[in-house]
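This report covers the overall build of one protein, then a pocket and two of the helices that line it.

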Amino acid sequence: MSPTRVLVLNSGSSSVKYQLLDMRDSSRLATGLVERIGEQTSRLKHTPAGSDPRERTGPIADHDAALKAVAAELAQDGLGLDSPELAAIGHRVVHGGRRFTRPTVVDEAVLAEIERLIPVAPLHNPANLTGIRTARHLRPDLPQVAVFDTAFHTTMPESAARYAIDVETADAHRIRRYGFHGTSHAYVARATARLLGRAPEEVNVIVLHLGNGASASAVRGGVCVDTSMGLTPLEGLVMGTRSGDLDPAVIFHLMRVGGMSADEIDTLLNKKSGLIGLCGDNDMREIRRRVDEGDEQAQLAFDIYIHRLKKYIGAYYAVLGTVDAVAFTAGVGENAAEVRAAAVAGLETLGLSVDGGLNAVRGDEPRLISPGHARVAVAVVPTDEELEIATQTYALVER
């Protein structure tokens, strides 16, 4: 029998998240996280299916040491990287530019192109590359597959993907809207169609991926036609620490009048803005607690967050023309009932509303929270980016 297991790796600058899945039934055999790589206080948490988690702390020098530690934990459960049942390793890669429109088996040319894209993803692509190279070194005989955050959005028409700036300048520096969170948007759009009992090709969905990073997409018949993030993940919705949409002249103003450097403005907009910049908290649970206590600053932050979110729902409704469902996903989208209710409040004329009782229910399964008579379904669909990466990886190596 052909091997059916896929190891999914998500390599960050100082962390590695991983899951081992059996694609016969999409079951998870093990999950884990290595964090604070390069520090004396590194931590590995490993959870085999059906067992209690195991933790180890102590220095893990680099990603090579981290993946060797992961391999040792898996081997302890009889799931080692040398297993003949391992079909491939799937890697999350944040930026694939215009070239990578689908999952891709990694070779030297692919690595070179991912490296060439570092200037447009300086925080993410280097870490993704490190994880791929380390995994190739550990299992050079095994297919390594890159699954790109940007790939799902490469179907956007030029009218949505291009900025209205000089074409030669834009092309010379690869300036266009790429979008991110693509594996999540792809998974959720498809899962929403299943929830409605229809094929993805028959359904138009607005997907709202609301976590610390947040993005929206307009999906027509399973194909992305617009998304809120752009050249980088900074554009679009108000996020935990990112500003989202901003008049570009604010940057010039801060340089000329505020005396700030480009690096200082970059830090301001990516790490000190959004919810944390507005009220000092980027955790929606804490913000809602403060709102309930009458904190005006937290209330304003929440109102700004919802205002931007509602604008994108309306904009993508206009882009799609007909909307079958709005799907909330990711940490905030799946858990913050107040956000979901506020986001669609006042949009009843567009066919959008939520049932208070259904919206208050918590759960791990996709579910509808709109009343039965609603013209547009409103859904909560837990995302599963690791399963999406594993599914795309396995489909590619099977072909």
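The protein has 15 helices and 14 strands, where helices (H or I, at least four residues) and strands (E, at least two) are DSSP runs numbered from the N terminus. Its radius of gyration is 21 Å, close to the 21 Å that the globule rule gives for 399 residues, so the protein is as compact as a globular protein of that length. That radius is taken over C-alpha atoms, and the globule rule is 2.2 Å times the number of residues to the power 0.38.

This is a predicted model, in which local features need pLDDT of at least 70 and side-chain atom pairs count only at pLDDT 80 or more, while totals for chains, interfaces and linings use all residues. Residues are numbered from 1 along each chain as its sequence is written, and side-chain values use heavy atoms, with hydrogens and water left out.

The C-alpha atoms fill a box of roughly 55 × 55 × 45 Å along the principal axes. Of the 399 residues, 51% are buried, meaning under 20% relative accessible area (1.4 Å probe, protein chains only).

**The second largest pocket**

The second largest pocket holds about 350 Å³ of space. Of its 21 lining residues, those closest to the centre are Thr-101, Arg-102, Pro-103, Phe-152 and Gln-392. A pocket here is an open set of points on a 1 Å grid over the protein atoms alone, where a 1.4 Å probe fits, with protein on both sides within 12 Å along at least five of seven lines; lining residues have an atom within 4 Å of a point. A volume is the space filled by probe spheres set on the points.

The lining divides into nine nonpolar, eight polar and four charged residues. Strand 8 (144–148), helix 6 and helix 15 each supply at least two of them, and helix 15 gives the most, with five.

**Helices 6 and 15**

The expected span is 1.5 Å times one less than the number of residues.

| Helix | Length | Expected span | End C-alpha distance |
|---|---|---|---|
| Helix 6 | 14 residues | 20 Å | 20 Å |
| Helix 15 | 14 residues | 20 Å | 20 Å |

Helix 6 (182–195) is mostly covered, with 11 of its 14 residues buried; among them are His-185, Tyr-187 and Val-188. Its buried residues pack against strands 8, 9, 10 and 12 and against helix 15. Just after helix 6, Gly-197 takes a positive phi of about 75°.

In helix 15 (385–398), the buried residues include Leu-387, Ile-389, Tyr-394 and Leu-396, along with Glu-388.

How values were computed:
Ala, Val, Leu, Ile, Met, Phe, Trp, Tyr, Cys and Pro count as nonpolar, Asp, Glu, Lys and Arg as charged, and the others, Gly among them, as polar. Buried means under 20% relative accessible area, exposed over 50%, partly exposed in between (1.4 Å probe, protein chains only). Contact means heavy atoms within 4.5 Å.
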